[in-house]
Each structure stands twice: as structure tokens, then as C-alpha cells.
Amino acid sequence: MVVCLSGLIIFMGFIIWDLGKQSNAGKFGTAVLFLVLGLGVGGFIFKNVLVEFLVLKK
């Protein structure tokens with residue numbers, strides 16, 4: 001499961017890069033895309049870490 005989710009996150013990074021390239025966003029626009037869309041991925045990972053260590057901790 002960890003390997004599949006890691007692969008999905010890496011694939012989403014390639015999608016964001018391609019989106020910036022196809023829309024001619026430039027370096028700053030691509031960085032903003034990575035920041036904004038990457039925060040969603042970061043929030044997903046952060047939520048899972050919180051659940052693991054705070055809720056499921058016994």
C-alpha cells in the first residue's frame with residue numbers, strides 16, 4: 001500500500017509538471033502549481049501521520 005501511494009504521489013508530480021508545461025505557465029507559475037497542488041498531497045500525508053500517531057496510538 002505504501003509503495004502504491006508513493007507511486008501515485010510521484011505520478012501526480014509529473015502531472016503537475018506537465019500541466020505547467022502545456023499551459024506555458026513559466027517557472028513562477030509552475031512553482032505556484034506545485035505549491036498549491038502539493039499542499040493537497042501534503043495535507044493527505046499529514047492527516048495519515050496524525051491518525052497513526054495520535055488516534056491509533058495505544
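**Exercise 1. Find the residue that follows helix 1 and describe its backbone and its surroundings.**

Solution, step by step.
- Start at the end of helix 1 in this predicted model: the helix is followed by N24, whose phi is positive, near 55°.
- Check the residue type: N24 has this positive phi although it is not a glycine.
- Locate the residue: N24 sits in the loop between helix 1 and helix 2.
- Decide whether N24 is buried or exposed. Exposed means over 50% relative accessible area. N24 has 69% relative accessibility, so it counts as exposed.

**Exercise 2. Work out which face of helix 1 is covered, and by what.**

Solution, step by step.
- Begin with the length: helix 1 has 21 residues and reaches 30 Å from its first C-alpha to its last, close to the 30 Å expected at 1.5 Å a residue.
- List the buried residues of helix 1: they are G13, I16 and G20.
- Now look down the axis of helix 1: the buried residues fall within an arc of 60°, so they line one face of the helix.
- Turn to the other side of helix 1, where V3, C4, F14, K21 and Q22 are exposed.
- Finally, ask what covers the buried residues of helix 1. The cover includes helix 2.

**Exercise 3. Compare the span of helix 2 with the expected one, then look for a kink.**

Solution, step by step.
- Take the 30 residues of helix 2, residues 26-55; at 1.5 Å a residue they should span 44 Å.
- Compare this with the model: the end C-alpha atoms of helix 2 are 42 Å apart, which agrees.
- Follow the axis and you will meet a kink of about 30° in helix 2, centred on G38.
- Pick out the buried residues of helix 2, namely G29, T30 and V41. They pack against helix 1.

**Exercise 4. Classify T30, A31 and L5 as buried, partly exposed or exposed.**

Solution, step by step.
- Recall the cut-offs: buried is under 20% relative accessible area, exposed is over 50%, and partly exposed lies in between.
- T30 belongs to helix 2. Its relative accessible area is 15%, so T30 is buried. Leaving aside residues up to four places away in sequence, T30 touches G20 and A25.
- A31 is also found in helix 2. With a relative accessible area of 43%, A31 is partly exposed.
- L5 lies in helix 1. At 30% relative accessible area, L5 is partly exposed.

**Exercise 5. Find the C-alpha separations of two pairs: L5 with G20, and A31 with I16.**

Solution, step by step.
- L5 and G20 are 15 residues apart along the chain, and their C-alpha atoms are separated by 23 Å.
- A31 and I16 are 15 residues apart along the chain, and their C-alpha atoms are separated by 9.7 Å.
- Place the second pair in the fold: A31 is in helix 2, while I16 is one of the buried residues of helix 1.

**Exercise 6. Decide how spread out the whole protein is.**

Solution, step by step.
- Count the elements: the protein has 2 helices and 0 strands.
- Apply the globule rule: it gives 10 Å for 58 residues, and the radius of gyration is 15 Å, well over that value, so the protein is more spread out than a compact globule.
- Look at the dimensions: along its principal axes the C-alpha trace spans about 50 × 20 × 10 Å.
- Check burial: 10% of the 58 residues count as buried.
- Finish with the surface: the accessible surface comes to about 5000 Å², and 77% of it belongs to carbon and sulfur atoms.

Definitions and conventions
Residues numbered from 1 in each chain as written. Predicted model: local features only at pLDDT ≥ 70, side-chain atom pairs only at ≥ 80, totals over all residues. Heavy atoms only, no water. Helix = DSSP H or I, 4+ residues; strand = E, 2+ residues; numbered from the N terminus. Expected span 1.5 Å × (residues − 1). Bend = angle between axes of the 7 residues up to and from the residue. Buried < 20%, exposed > 50% of the residue type's maximum accessible area, 1.4 Å probe, protein only. Contact = heavy atoms within 4.5 Å. Rg over C-alpha atoms; globule rule 2.2 N^0.38 Å. Areas by Shrake-Rupley, 256 points an atom, 1.4 Å probe, with all protein chains shown as cover. Arc of directions from axis to C-beta.
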